[in-house]
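Here's a quick tour of the pockets and salt bridges in this protein. Pull up the structure and follow along.

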Amino acid sequence: MSLDTKRLADELAEQVVAWRRHLHQHPELSFEEEQTSQYVYEKLRSFGNLELSRPTKTSVVARLIGSQPGKVLGMRADMDALPIHEENDVPYASGKAGVMHACGHDGHTAMLLGAAKILSQYKDRIKGEVRFFFQHAEELPPGGAVEIVRAGAADGLDSIIGIHLASYMPVGKFGVLYGALTSSTDRFDVKIQGKGGHSSQPESAIDPVVIGAQVITALQQIVSRNVSALDKVVLSVTMLNAGTAYNIIPDTLTLTGSTRCFNATIRENLPVWIERIVKGITEAHGAGYEFSFSHGYTSVVNDEQVTRLMEDIIRERWGEEDIMYIDPLMPGEDFSEYLKKAPGCFIQLGAGNPEKGFVYPHHHPRFDFDEDALARGVELFVRAAQKVVIE
């Protein structure tokens with residue numbers, strides 16, 4: 001007999017909202033989620049029938065092992081907040097200055113708690129295992145997923161799914177994409193070594209500010225002149241530091257930026273192209289340079305079979321009208337680490353609602369979302385488990 005997933009999710013909806021609001025009021029930054037992970041651990045322990053572990057200091061994994069052998073389905077939620085001061089005037093606003101849940105991770109955690117609570121009641125009907133990953137540090141590379149995977153917590157998975165709340169989509173809609181969903185996210189750092197001097201005598205100096213300006217301008221030509229117009233690539237210089245006084249030409253300038261793309265070959269070439277420009281311009285002016293390139297997250301690539309399963313579940317329960325076939329997204333996601341262990345699918349769940357004022361983008365100090373989306377996320381998790389390890 002199939003589970004009445006709508007009834008189960010609706011009955012738990014108020015509790016899921018309460019969990020989300022508690023987490024929103026008590027945000028913690030990446031790798032610092034000690035109270036958050038303990039809160040999640042205690043909730044999971046109260047559900048019963050779950051084998052709990054702490055593969056890292058601030059993460060929690062719960063295993064719901066059925067009475068019969070079968071497939072192992074993973075489900076993941078991230079728990080960390082961002083270094084942003086919240087500007088929302090709501091009863092559940094962040095209680096910690098300079099830290100807030102501005103990307104929906106409080107909602108992700110609450111939805112997965114809801115799914116764990118419901119499914120833990122049906123241990124005897126499960127053939128195989130549902131493994132719940134409550135992950136730390138998605139927002140800060142190298143990220144928490146790689147630590148969980150290295151700890152062996154993802155060993156044995158047959159597939160894994162995740163849901164990300166999306167304020168840019170109407171509440172209740174599901175964003176589906178086959179193949180590459182998110183870009184890779186990498187960082188580059190450049191230090192230009194010039195020769196300082198008085199601003200009235202630039203001929204006696206090697207001005208790293210002027211050189212840096214030329215480097216920044218030239219870097220923008222990588223996308224337009226080294227990459228096909230059919231490929232999506234973003235190169236942004238986001239930090240620039242030089243000088244201590246208005247009348248002094250500084251010795252050095254540092255700049256930092258990010259690169260994002262979907263193509264593995266382009267990703268390999270980007271540091272080569274960047275350094276070639278930096279080297280050429282600095283040498284032309286008699287300056288020196290230091291260059292480093294740090295790889296962040298790889299692209300999330302949705303598996304065709306798992307994505308089709310999720311699409312079919314959504315269509316069967318909510319109808320074709322609630323499916324949005326979305327374009328690839330430039331932000332990065334370390335859900336990609338789990339996909340190195342098993343095929344999976346990452347679904348976007350609409351949570352924006354202009355009528356209620358939920359219009360601000362992720363990572364904005366006034367970000368918030370329509371909590372009506374949470375019950376749908378819980379139900380989707382439960383329905384996926386029903387398809388994979390119950391039916």
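A residue counts as buried under 20% relative accessible area, as exposed over 50%, and as partly exposed in between. Arg 315, at 29% relative accessibility, is therefore partly exposed. Keep in mind that this is a predicted model.

**Salt bridges**

Arg 315 makes a good starting point. Its side chain meets that of Glu 311 in a salt bridge, with 2.8 Å from N to O. Both residues sit in helix α8, and because they are 4 residues apart, about one helical turn separates them. Glu 311 has a relative accessible area of just 8%, so this residue is buried.

A search of the whole structure turns up 31 salt bridges. One of them pairs Glu 371 with Arg 21, and their closest N and O atoms are 2.8 Å apart. Glu 371 is in the loop between β16 and α9 while Arg 21 is in helix α1 (residues 5-25), so this pair ties together parts that are 350 residues apart in sequence. Glu 371 counts as buried, at 13% relative accessibility, whereas Arg 21 comes out at 32% and counts as partly exposed.

Then there's Lys 341, whose side chain meets that of Asp 155 in a salt bridge of 3.0 Å, N to O. This pair also links distant parts of the chain: Lys 341 is in the loop between β15 (323-325) and β16, Asp 155 is in the loop between α4 (145-150) and β5, and the two are 186 residues apart. Lys 341 is partly exposed at 38% relative accessibility, and Asp 155 is partly exposed at 40%.

Which residues do salt bridges with shared partners join into one network? They are Arg 20, Arg 21, Asp 106, Asp 368 and Glu 371.

**The largest pocket**

Now for the open spaces. The largest pocket has a volume of about 1,100 Å³. It has 39 lining residues, and those closest to its centre are Glu 139, Pro 141, Arg 260, Gly 332 and His 363.

Where does this pocket lie relative to the domains? Domain 1 (3-180 + 298-388) and domain 2 (183-292) both give residues to its lining, so the largest pocket lies between them. Several strands supply at least two lining residues each: β5 (159-170), β8 (184-193), β10 (233-242), β12 (252-261), β13 (288-297) and β16 (344-352). The largest share, 5 residues, comes from β12.

**The second largest pocket**

The second largest pocket holds about 250 Å³ of space. Its lining has 13 residues, with Lys 71, Ser 159, Gln 305, Val 306 and Leu 309 nearest the centre. Two or more lining residues come from each of β3 (68-78), β5, α8 (304-318) and α9 (372-390). Helix α8 gives the most, with 4 residues.

Here's how the two linings break down by residue class.

| Pocket | Nonpolar | Polar | Charged |
|---|---|---|---|
| Largest pocket | 16 residues | 17 residues | 6 residues |
| Second largest pocket | 8 residues | 2 residues | 3 residues |

One element to look at again is helix α8: it holds the Arg 315 and Glu 311 pair, and it also gives 4 residues to the lining of the second largest pocket.

Terms used:
Residues numbered from 1 in each chain as written. Predicted model: local features only at pLDDT ≥ 70, side-chain atom pairs only at ≥ 80, totals over all residues. Heavy atoms only, no water. 1 Å grid on protein atoms, 1.4 Å probe; cavity = no way out; pocket = protein on both sides within 12 Å on 5 of 7 lines; lining within 4 Å. Points joined across faces, edges and corners; volume = space filled by probe spheres on them. Nonpolar A, V, L, I, M, F, W, Y, C, P; charged D, E, K, R; others polar. Domains from an automatic or database assignment. Salt bridge = Lys/Arg side-chain N within 4 Å of Asp/Glu carboxyl O. Buried < 20%, exposed > 50% of the residue type's maximum accessible area, 1.4 Å probe, protein only.
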